[in-house]
Amino acid sequence: MDLLNTLVDKGLRRELPTREEALAVLATSDDDLLDVVAAAGKVRRQWFGRRVKLNYLVNLKSGLCPEDCSYCSQRLGSKAEILKYTWLKPDEASQAAAAGVAGGAKRVCLVASGRGPTDRDVDRVSKTIEAIKEQNEGVEVCACLGLLSDGQAERLRSAGADAYNHNLNTSEGTYGDITTTHTYADRVETVHQAQAAGLSACSGLIAGMGESDADLVDVVFSLRELDPDSVPVNFLIPFEGTPLAKEWNLTPQRCLRILAMVRFVCPDVEVRLAGGREVHLRSMQPLALHLVNSIFLGDYLTSEGQAGQADLDMIADAGFEVEGAGTTTLPTHRVRQGGGCGSHDGGCAPCGDAPGETAAESPEVPAARTDLVAVRRRGAGTDLAPNA
């Protein structure tokens with residue numbers, strides 16, 4: 001396909017595809033899917049070889065969030081029967097992190113529900129970061145605490161944080177449809193604060209919330225412009241008890257096309273396969289390793305993932321290798337410049353269909369696999385051993 005040859009050439013040059021090219025990837029047929037994966041795989045291997053970075057989540061504070069994000073099981077008014085607990089103590093969080101590091105995780109992601117941290121919360125997380133760093137030499141720590149106030153990113157950086165995560169989640173044009181208690185601009189501002197403080201920015205998206213192809217391209221182009229070092233791609237887990245519980249819109253094939261599109265738009269960025277991969281990719285997960293260079297190990301915030309050993313076996317069986325602690329994840333040009341997706345020539349197109357764009361015929365979506373959504377009952381906040 002001329003399209004794929006063009007996208008490979010652009011990806012190897014770190015050149016931004018056109019909006020029409022990105023939309024065309026999402027519109028490819030199942031007959032062309034392996035060609036799409038192979039093409040995006042060439043770009044992935046150019047910048048990251050066959051390495052897979054492992055990340056491990058520690059949910060510092062679960063549930064009881066005052067925000068109304070429709071996709072979240074921890075949201076205000078959620079009836080999802082998830083674990084609910086207040087802040088873990090630094091030693092408890094460090095113990096949980098150690099399990100992930102022992103399983104091969106190179107980065108520990110510390111997440112807390114809520115609109116954003118108070119100064120006291122930042123002190124608490126700072127002590128947790130220090131405890132983790134003291135007990136696990138060389139581990140990266142990423143904080144994800146919500147919207148930041150002035151000076152908080154600098155304090156986290158001083159405590160030893162390496163990165164800060166705050167996802168855009170969806171396009172600016174549709175953001176108000178999923179959240180009303182804060183704005184898209186609030187999220188962008190927090191990412192800017194993290195970057196200004198010298199933290200590595202981590203910002204991504206959630207697919208499967210009923211968005212259009214145009215929305216997906218919009219948010220990924222916005223991420224290219226925002227310039228994070230890592231882009232997590234989440235696939236909606238439709239928790240019972242949340243407003244999006246009936247949104248079962250994804251197939252494994254669509255997930256792979258979305259990941260390929262992200263790789264073409266952000267070729268030299270750490271693209272991370274995040275929440276929902278087991279639910280929506282299922283047995284197709286190994287193919288996704290040809291597109292992403294990073295995954296989460298074991299469980300997520302409020303849902304259970306597949307066993308950590310199964311993740312390691314999948315990586316090995318697919319012919320990839322776990323990235324070691326002594327290896328620099330990003331290509332040297334990005335480490336030197338501290339940049340994100342490459343050149344800054346990518347803008348965010350207005351929401352809506354491009355002129356002359358025709359919608360591809362939607363494939364029949366299989367029946368919802370609600371049996372695959374497993375609420376986390378182990379690890380942080382419980383007396384049971386974590387999955388790592």
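**Cavities, a pocket and helix packing in the predicted model**

Strand β1 (residues 51-61) contributes the most to the lining of the second largest cavity, supplying four residues. The structure under analysis is a predicted model. The volume of this second largest cavity is about 100 Å³. Its lining comprises 14 residues, and those closest to the centre are Tyr-56, Leu-57, Asp-299, Arg-376 and Ala-380. Divided by class, the lining of the second largest cavity holds eight nonpolar, three polar and three charged residues.

A search of the whole structure returns three cavities of 30 Å³ or more. For the largest cavity, the computed volume is about 920 Å³. A total of 43 residues line the largest cavity, with Tyr-71, Cys-72, Gln-74, Asn-167 and Leu-301 lying nearest its centre. The elements that each give two or more residues to this lining are β2 (107-112), β3 (140-144) and β7 (230-235). The lining of the largest cavity consists, by class, of 23 nonpolar, 15 polar and five charged residues.

Open space was examined as well. The second largest pocket encloses about 340 Å³ of space. It is lined by 18 residues, of which Arg-107, Glu-140, Ser-200, Asp-229 and Leu-330 are the closest to its centre. In this pocket, the lining is made up of three nonpolar, six polar and nine charged residues.

Helix packing was then considered for three pairs. Two packed helices are described by the angle between their axes and the distance between the axes. Helix α1 (residues 2-13) packs against helix α2 (residues 19-26) at an angle of about 120 degrees, the axes being 11 Å apart. Because angles of 65 to 115 degrees count as roughly perpendicular and those over 145 as roughly antiparallel, α1 is classed as oblique to α2. The crossing of these two helices, α1 and α2, is left-handed. On the α1 side the contact involves Leu-3, Thr-6, Leu-7 and Lys-10, and on the α2 side Glu-21, Ala-24 and Val-25. This contact of α1 with α2 contains four nonpolar, one polar and two charged residues.

Helix α2 also packs against helix α10. The axes of α2 and α10 come within 8 Å and cross at roughly 155 degrees, and the two helices are therefore roughly antiparallel to each other. Their crossing, that of α2 and α10, is right-handed. From α2, Ala-22, Val-25 and Leu-26 meet Arg-254, Arg-257, Ile-258, Ala-260, Met-261, Phe-264 and Val-265 of α10. The contact of α2 with α10 divides into eight nonpolar, no polar and two charged residues. Val-25 of α2 thus takes part in the contact with α1 and in the contact with α10.

The third pair is formed by helix α3 (residues 33-48) and helix α10 (residues 252-265), whose axes come within 9 Å and cross at roughly 40 degrees. This angle makes α3 oblique to α10. In passing α10, α3 forms a left-handed crossing. Leu-33, Val-36, Ala-39, Ala-40, Val-43, Arg-44 and Phe-48 of α3 make the contact with Gln-253, Leu-256, Arg-257, Ala-260, Arg-263 and Phe-264 of α10. By class, the contact of α3 with α10 comprises nine nonpolar, one polar and three charged residues. Arg-257, Ala-260 and Phe-264 of α10 appear both in this contact with α3 and in the contact with α2.

Note on methods
Residues numbered from 1 in each chain as written. Predicted model: local features only at pLDDT ≥ 70, side-chain atom pairs only at ≥ 80, totals over all residues. Heavy atoms only, no water. Axes fitted to C-alpha atoms, helices over the stretch in contact; angles between N-to-C directions. Parallel < 35°, antiparallel > 145°, perpendicular 65-115°, else oblique. Left-handed = near helix turned anticlockwise from the far one by under 90°. Contact = heavy atoms within 4.5 Å. Nonpolar A, V, L, I, M, F, W, Y, C, P; charged D, E, K, R; others polar. 1 Å grid on protein atoms, 1.4 Å probe; cavity = no way out; pocket = protein on both sides within 12 Å on 5 of 7 lines; lining within 4 Å. Points joined across faces, edges and corners; volume = space filled by probe spheres on them.
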